[in-house]
Amino acid sequence: MSDSHSYWAAIYYNSSDRDKANDIIRRLAEDGVFLVRDGTQGDKVLVVYADNKPRKFRIENVQGQYCLESNHGVVYSSVEELLHYYYTTCLPNYNVYLTTPFQLHPRFSSDMMW
């Protein structure tokens, strides 16, 4: 497995359990720490810690192009490319950049997943 693949695999929380996903991000409690979980309608949801709590952004797939629900002007051909954009650009309506996938955060423990 390449380092790049391992890095991007660390962003995914493979569940639609939004309460548990929010709890993980809340427990890590650092601006910019994030995960991507399954949505309830077959979509993906970005959960990021910002302004002292987890914030959610629906990731839309529009004809094979990915964007945040709140920002249709920024589109990419993969979820990873979209998220990479937000490493250097603040998330819509927040003064926060993506910084660390949750599984790579130093305080993350696999026990948090259960």
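In which strand does Pro 101 lie? In this predicted model, Pro 101 belongs to strand E7, which spans residues 100–101. The report returns to this residue after an account of the overall fold.

## Overall architecture

The chain contains 3 helices and 7 strands. Their order along the sequence is α-β-α-β-β-β-β-β-α-β. For 114 residues, a compact globule would be expected to have a radius of gyration near 13 Å, and the chain agrees with this expectation because its own value is 13 Å. Along the principal axes, the C-alpha atoms occupy a box of roughly 35 × 35 × 30 Å.

Of the 114 residues in the chain, 42% are buried. The accessible surface amounts to about 6,400 Å², and carbon and sulfur atoms account for 44% of that area. When contacts between residues at least 6 apart in sequence are considered, 40% of them join residues at least 24 apart. The chain carries 11 positive and 14 negative charges, and the mean positions of the two sets are 7 Å apart.

## Two buried strand residues

Pro 101 has a relative accessibility of 1% and therefore counts as buried. In space, its C-alpha atom is 5.8 Å from that of Val 33, although 68 residues separate the two in sequence. With residues up to four places away in sequence set aside, Pro 101 touches Tyr 7, Ala 10, Ile 11, Phe 34 and Tyr 87.

Leu 68 is part of strand E5, which covers residues 65–68. Its relative accessible area is 0%, so Leu 68 is buried. Under the same exclusion of residues up to four places away, the contacts of Leu 68 are Leu 46, Phe 57, Arg 58, Ile 59, Leu 82, Tyr 86, Leu 91 and Pro 92. Lys 53 is 15 residues from Leu 68 along the chain, and the C-alpha atoms of this pair are separated by 19 Å.

## Cysteines

How many disulfides does a search of the whole structure find? The search returns 0. For Cys 67, the closest cysteine sulfur is that of Cys 90, and the 19 Å between them is too far for a bond, given that a disulfide requires sulfur atoms within 2.5 Å. Cys 90 is likewise in no disulfide, with the sulfur of Cys 67 as its nearest cysteine sulfur. As to solvent exposure, Cys 67 counts as buried because its relative accessibility is 2%. Cys 90, at 24%, counts as partly exposed.

## Positive phi in two asparagines

Asn 52 has a phi near 70°, a positive value in a residue other than glycine. This residue is placed in the loop between strand E3 (44–50) and strand E4 (53–62). Asn 93 also has a positive phi, of about 70°, and is not a glycine. The location of Asn 93 is the loop between helix H3 (79–85) and E7.

Are these asparagines buried or exposed? Asn 52 counts as exposed, with a relative accessibility of 68%. Asn 93 is likewise exposed, at 74%.

## Accessibility of the residues discussed

The table collects the relative accessibility and the resulting class of each residue treated above.

| Residue | Relative accessibility | Class |
|---|---|---|
| Leu 68 | 0% | buried |
| Pro 101 | 1% | buried |
| Cys 67 | 2% | buried |
| Cys 90 | 24% | partly exposed |
| Asn 52 | 68% | exposed |
| Asn 93 | 74% | exposed |

Terms used. Residues are numbered from 1 along each chain as its sequence is written. This is a predicted model: local features need pLDDT of at least 70, side-chain atom pairs count only at pLDDT 80 or more; totals for chains, interfaces and linings use all residues. Side-chain values use heavy atoms; hydrogens and water are left out. Helices (H or I, at least four residues) and strands (E, at least two) are DSSP runs, numbered from the N terminus. The radius of gyration is taken over C-alpha atoms; the globule rule is 2.2 Å times the number of residues to the power 0.38. Buried means under 20% relative accessible area, exposed over 50%, partly exposed in between (1.4 Å probe, protein chains only). Contact means heavy atoms within 4.5 Å. Accessible areas come from the Shrake-Rupley method with a 1.4 Å probe; for residues, only the protein chains shown count as cover. Lys and Arg count as positive and Asp and Glu as negative; His and the chain ends are not counted. The place of a charge is taken as NZ of Lys, CZ of Arg, CG of Asp or CD of Glu.
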